[in-house]
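Trainee: I would like a close look at the charged side chains in this protein, and at how they fit with what lies around them. Please take me through it step by step.

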Amino acid sequence: QVQLVESGGGLVQAGGSLRLSCAASGTIISNNHMGWYRQAPGKPRELVARITSGGSTDYADSVKGRFAISRDNAKNTVYLQMNSLKPADTAVYYCNALPIGSLGYGYWGKGTLVTVSS
């Protein structure tokens, strides 16, 4: 059974930083394309950043230069370092694991709330 557990969310002032973690069990993250998504109230879920099984990364334009995704294969954990946070970054952040070759939506965590105050 695949489980993804996010942590690290919280309340931060604009300009501050947070690091989110996604601890995986039941799967090996290097066998997946791992992604961070977010969903703000009243808005659809959107991709924030992803790292492929081969280590390539890409980011939403809105977070380029501020966020960084990384993974620690030994800990089976994916991270999202978020710097220069803005109120517009306020959302629930979800971790996603998409197995290599999968045509589905993969696995999701329950999310962690990030609130950025102005």
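Which residue forms a salt bridge with Lys-64?

Mentor: Happy to, and please keep in mind that this is a predicted model. The partner of Lys-64 is Asp-61, and the closest N and O atoms of this salt bridge are 3.1 Å apart. Asp-61 has a relative accessible area of 65%, and because anything over 50% counts as exposed, Asp-61 is an exposed residue.

Here is the idea behind such pairs. Side chains of opposite charge can pair when their charged atoms come close. The count here is 5 salt bridges. One of them joins Arg-38 to Asp-89, with 2.9 Å between the closest N and O atoms. Arg-38 belongs to strand β4, while Asp-89 is in the loop between β8 and β9, so this salt bridge ties together parts that are 51 residues apart in sequence. Where do these two partners stand on accessibility? Arg-38 has a relative accessible area of 6% and Asp-89 has 2%; buried means under 20%, so both count as buried.

Asp-89 has another partner as well: Asp-89 forms a salt bridge with Arg-66, and here the closest N and O atoms are 2.8 Å apart. This pair also links distant parts of the chain, since Arg-66 lies in the loop between β6 and β7, 23 residues from Asp-89. Arg-66 is buried, just as Asp-89 is. Through shared partners, salt bridges join Arg-38, Glu-46, Arg-66 and Asp-89 into one network.

Charged groups can be found over rings here too. The charged end of Arg-19 sits over the ring of Tyr-79, 4.2 Å from the ring centre. Arg-45 lies over the face of Tyr-94, at 3.7 Å from the centre of that ring.

Now for the surroundings, beginning again with strand β4. The model has 1 aromatic pair. Its members are Tyr-37 and Trp-108, whose ring centres are 4.9 Å apart; their planes meet at 65°, so the pair is edge-to-face. Tyr-37 is in strand β4 and Trp-108 in strand β10, 71 residues apart. Trp-108 is partly exposed, at 35% relative accessible area.

Both of those rings also belong to residues that line the largest pocket, along with others including His-33, Arg-50 and Asn-96. The elements giving two or more residues to this lining are β4, β5 and β9, and β4 supplies the largest share, 4 residues. The pocket has a volume of about 200 Å³.

Strand β9 brings us to one last link. A disulfide is a covalent bond between the sulfur atoms of two cysteines. The structure has 1 disulfide, formed by Cys-22 and Cys-95 with their sulfur atoms 2.1 Å apart. Its angle about the S-S bond is -80°, which goes with a left-handed link. Cys-22 sits in strand β3 and Cys-95 in strand β9, 73 residues apart in the chain, and both cysteines are buried.

Technical notes. Residues numbered from 1 in each chain as written. Predicted model: local features only at pLDDT ≥ 70, side-chain atom pairs only at ≥ 80, totals over all residues. Heavy atoms only, no water. Phe/Tyr/Trp six-rings, centres within 6.5 Å; stacked < 30°, edge-to-face > 60°. Buried < 20%, exposed > 50% of the residue type's maximum accessible area, 1.4 Å probe, protein only. Lys NZ or Arg CZ within 6 Å of the ring centre and 35° of its normal. Disulfide = S-S within 2.5 Å. Salt bridge = Lys/Arg side-chain N within 4 Å of Asp/Glu carboxyl O. 1 Å grid on protein atoms, 1.4 Å probe; cavity = no way out; pocket = protein on both sides within 12 Å on 5 of 7 lines; lining within 4 Å. Points joined across faces, edges and corners; volume = space filled by probe spheres on them.
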